[in-house]
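Colleague: Please give me a close look at the place where the ligand sits, and work outward from there at a pace that suits a first-year student. I would like each technical term explained when it comes up.

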Amino acid sequence: MPRQSRKTLVVLAHPRLSESRVNAALANGLHGAEGLTVNDLYARYPDFRVDVPREQRLLLDHDTVVLQFPIYWYSMPALLKEWMDAVLTRGWAYGPGSTALHGKTLRIAVSTGSVAEAYRPDGTHRHTMAEMLRPMEAWANPTGMTLAETLVVHGAGRGLDDDALALHAKRYREALTAG
Ligand SMILES: Cc1cc2nc3c(=O)[nH]c(=O)nc-3n(C[C@H](O)[C@H](O)[C@H](O)COP(=O)(O)O)c2cc1C
């Protein structure tokens, strides 16, 4: 497929984006990127009533789907989970004869409050980030999607200075607009 025709959908889930430092910087860094749509779930569905046909149309219309969110209790913010439960239905996203998402690319992009060292067997959280993220990545399998490299920004709570954050935002834009 020619490079220009590839389209990327960023499903952004942050319950307080106006107070966000990391995810706001990552999302702001995407402004103006060709072929890229940012779908701000909390802005669109403050009442958690997800418009399933609209969301399925958006997914069909893009080649790559990026879920971007801050890690909340080793998981995703509640509205993103609701979005997944409502939108990724049997008979559409998975199950016999369901090919809506086949061949599309899935990427997870998250921020954590804790530093990377906390996500080690001898660290505060006792599990690696790869282990923590497995349930959030696994839906690529029944839907026939290809998992792209997961992006993690650690240390949002402390130690992440402005230069490091700007570099993360630059790399994020590059990753999402490459090929
Ligand atoms: C309810 C809640 C739960 C959180 N749980 C975790 C967690 O399990 N692990 C972690 O590293 N950080 C956790 N954090 C910290 C957030 O991940 C961190 O504040 C966020 O990634 C910063 O991104 P932002 O600047 O876009 O808000 C939690 C924060 C909140 C508010």
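Modeller: Let us start with Trp73, which counts as exposed because its relative accessibility is 77%; the classes used are buried for under 20% relative accessible area, exposed for over 50% and partly exposed in between, with a 1.4 Å probe and the protein chains only as cover. This is a predicted model, in which local features need a pLDDT of at least 70 and side-chain atom pairs count only at pLDDT 80 or more, while totals for chains, interfaces and linings use all residues. Residues are numbered from 1 along each chain as its sequence is written, and side-chain values use heavy atoms, with hydrogens and water left out.

Trp73 belongs to the loop between β3 (64-70) and α4 (78-87), where helices (H or I, at least four residues) and strands (E, at least two) are DSSP runs numbered from the N terminus. Its phi is near 45 degrees, a positive value in a residue other than glycine. Most residues other than glycine have a negative phi. Another case is Phe48, with a positive phi of about 65 degrees although it is not a glycine. Phe48 lies in the loop between α2 (41-44) and α3 (52-60), and it is partly exposed, with a relative accessible area of 32%.

What does Trp73 have to do with the ligand? A polar backbone atom of Trp73 is 2.8 Å from a nitrogen atom of the ligand, and a pair of N or O atoms counts as a polar contact when the two are within 3.5 Å; within protein, one must also be able to donate a hydrogen and the other to accept it, and residues adjacent in sequence count only if both atoms are side-chain atoms. Two oxygen contacts can be described in a similar way: an N or O atom in the side chain of Ser111 is 2.6 Å from an oxygen atom of the ligand, and a backbone N or O atom of Ser114 lies 3.1 Å from an oxygen atom of the ligand. The ligand taken alone exposes 630 Å², and the protein buries 74% of that; such areas come from the Shrake-Rupley method with a 1.4 Å probe, and for residues only the protein chains shown count as cover.

Around the ligand there are 16 residues, the closest being His14, Ser20, Ile71, Ser111 and Tyr119, where a residue is near a molecule if one of its heavy atoms lies within 4 Å of it. By type, this shell divides into eight nonpolar residues, seven polar and one charged. In that sorting, Ala, Val, Leu, Ile, Met, Phe, Trp, Tyr, Cys and Pro count as nonpolar, Asp, Glu, Lys and Arg as charged, and the others, Gly among them, as polar.

Tyr119, one of the closest residues to the ligand, is a useful point from which to look outward. Its C-alpha atom is separated by 9.4 Å from that of Glu131, 12 residues away along the chain. Glu131 sits in helix α5 (residues 129-137) and counts as partly exposed because its relative accessibility is 37%. The side chain of Glu131 makes a polar contact with the side chain of His127, at 3.3 Å.

In the other direction, Tyr119 and Thr105 are 14 residues apart in sequence, and their C-alpha atoms are 26 Å apart in space. Thr105 is in strand β4 and counts as buried because its relative accessibility is 18%. The loop between β4 and α5 holds Gly123, which is buried, with a relative accessible area of 12%. From Gly123 to Arg134, 11 residues apart along the chain, the C-alpha atoms are separated by 19 Å.

For contrast, consider Glu55 in helix α3. Glu55 is buried, with a relative accessible area of 0%, and its side chain makes a polar contact with the side chain of Tyr45 at 2.6 Å.
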